[in-house]
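These are my notebook entries on one structure. I record what I looked up, entry by entry.

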Amino acid sequence: MVIEDDHNHFCIYCGARIDFDQNFCSECGKPIYRQKPKVTRAPSEYENKIAELEDEYNIKQSKAQELVEKQFDPNHMAYERFTSSITKSNNLFSTQVSIAKKMAEMDINESPFVEKELENKLVTLQTFIDKMEDLINELIIHMSSNREDTEDINALFDDMDDLIDSVKDY
């Protein structure tokens with residue numbers, strides 16, 4: 001039998017009255033099981049910040065993908081390069097978010113090391129967002145200017161590749 005609260009209950013086997021502090025029925029001797037109260041943990045400030053960064057990144061990467069699709073034909077080499085770079089960034093960002101969420105679930109008060117690493121993860125996530133914003137800006141500039149000038153975009157690709165490689169190496 002399971003008792004979930006402080007109210008008086010009766011044994012399901014013999015009908016005897018069961019008090020809250022009893023572990024066995026006083027009449028038939030059957031064990032009484034109590035459910036442990038469900039503890040819900042409020043999200044930490046880190047979990048909230050991670051969720052905010054994830055939302056911000058998703059909006060920016062969606063906008064970047066939209067701009068790529070508007071500017072380039074899917075058969076064009078630049079389209080493939082942009083799409084590939086965004087996909088790599090998305091995959092790595094998602095991995096970093098998963099790691100950060102697991103770290104945020106830990107009791108950081110017990111470990112300053114975990115808190116420091118979590119702070120580093122937040123910086124990394126913000127860097128991904130910043131690079132995606134740079135990509136959006138370059139795509140907008142590219143759209144409104146000379147479409148033949150790809151120097152800034154190539155430099156941005158190099159920056160994004162460096163970021164991805166450094167996070168992978170980390």
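**Entry 1: a charge over a ring.** I looked up where lysine 30 lies with respect to tyrosine 13. In this predicted model, lysine 30 sits over the face of tyrosine 13, and the distance to the ring centre is 5.2 Å.

**Entry 2: cysteines.** I then searched for disulfides and found zero in the structure. Cysteine 11 is therefore in no disulfide, and its nearest cysteine sulfur, at 3.7 Å, belongs to cysteine 28. I asked myself why the sulfur of cysteine 28 is not bonded to that of cysteine 11. The two sulfurs are 3.7 Å apart, which is too far for a bond, because a disulfide requires sulfur atoms within 2.5 Å. I also checked the surroundings of each residue. Cysteine 11 has a relative accessibility of 6%, so I count cysteine 11 as buried. Cysteine 28, with a relative accessible area of 34%, is partly exposed.

**Entry 3: the largest nonpolar core.** I asked which residues of this core touch the most other members. The core holds 33 residues, and the answer is Phe82, Phe128 and Leu135. I noted that four helices each supply at least two residues: α1 (45-71), α2 (77-105), α3 (112-144) and α4 (151-169). Of these, α2 gives the most, with 10 residues. I found a second core as well, which is separate and has five residues; Cys11, Ile18, Cys25 and Ile32 are among them.

**Entry 4: phenylalanine 128.** I listed the contacts of phenylalanine 128, leaving aside its neighbours within four places in sequence. The partners are Tyr57, Ser89, Leu92, Phe93, Leu163, Ile164 and Val167.

**Entry 5: aromatic pairs.** How many aromatic pairs does a search of the whole structure find? I recorded three. In one of them, the ring centres of tyrosine 57 and phenylalanine 93 are 3.9 Å apart and the ring planes are at 15 degrees, so I class the pair as stacked. Tyrosine 57 belongs to helix α1 and phenylalanine 93 to helix α2, so this pair ties together parts that are 36 residues apart in sequence. Both tyrosine 57 and phenylalanine 93 are buried. Ring pairs also join Tyr57, Phe93 and Phe128 into a cluster.

**Entry 6: helix α1.** I compared the length of α1 with expectation. At 1.5 Å a residue, its 27 residues should span 39 Å, and the end C-alpha atoms are indeed 39 Å apart, so the two values agree. I next looked up the buried residues of α1, which include Tyr46, Ile50, Leu53, Tyr57, Ala64, Leu67 and Val68. The list also includes Glu47, Lys60, Gln61, Gln65 and Gln71. Among the elements that cover these buried residues are α2 and α3.

**Entry 7: asparagine 48.** Is asparagine 48, at a relative accessible area of 40%, buried or partly exposed? I find that asparagine 48 is partly exposed, and its place is in helix α1. Asparagine 48 and lysine 101 are 53 residues apart along the chain, while their C-alpha atoms are separated by 9.7 Å.

**Entry 8: threonine 124.** I finished with threonine 124, which is placed in helix α3. Its relative accessible area is 18%, so threonine 124 is buried, because that class takes residues under 20%. Apart from neighbours within four places in sequence, threonine 124 is in contact with Gln96 and Val167. Val167 also appeared in my list for phenylalanine 128.

Definitions and conventions: Residues numbered from 1 in each chain as written. Predicted model: local features only at pLDDT ≥ 70, side-chain atom pairs only at ≥ 80, totals over all residues. Heavy atoms only, no water. Core = buried A, V, L, I, M, F, W, Y, C linked by side-chain atoms within 4.5 Å. Buried < 20%, exposed > 50% of the residue type's maximum accessible area, 1.4 Å probe, protein only. Contact = heavy atoms within 4.5 Å. Expected span 1.5 Å × (residues − 1). Phe/Tyr/Trp six-rings, centres within 6.5 Å; stacked < 30°, edge-to-face > 60°. Lys NZ or Arg CZ within 6 Å of the ring centre and 35° of its normal.
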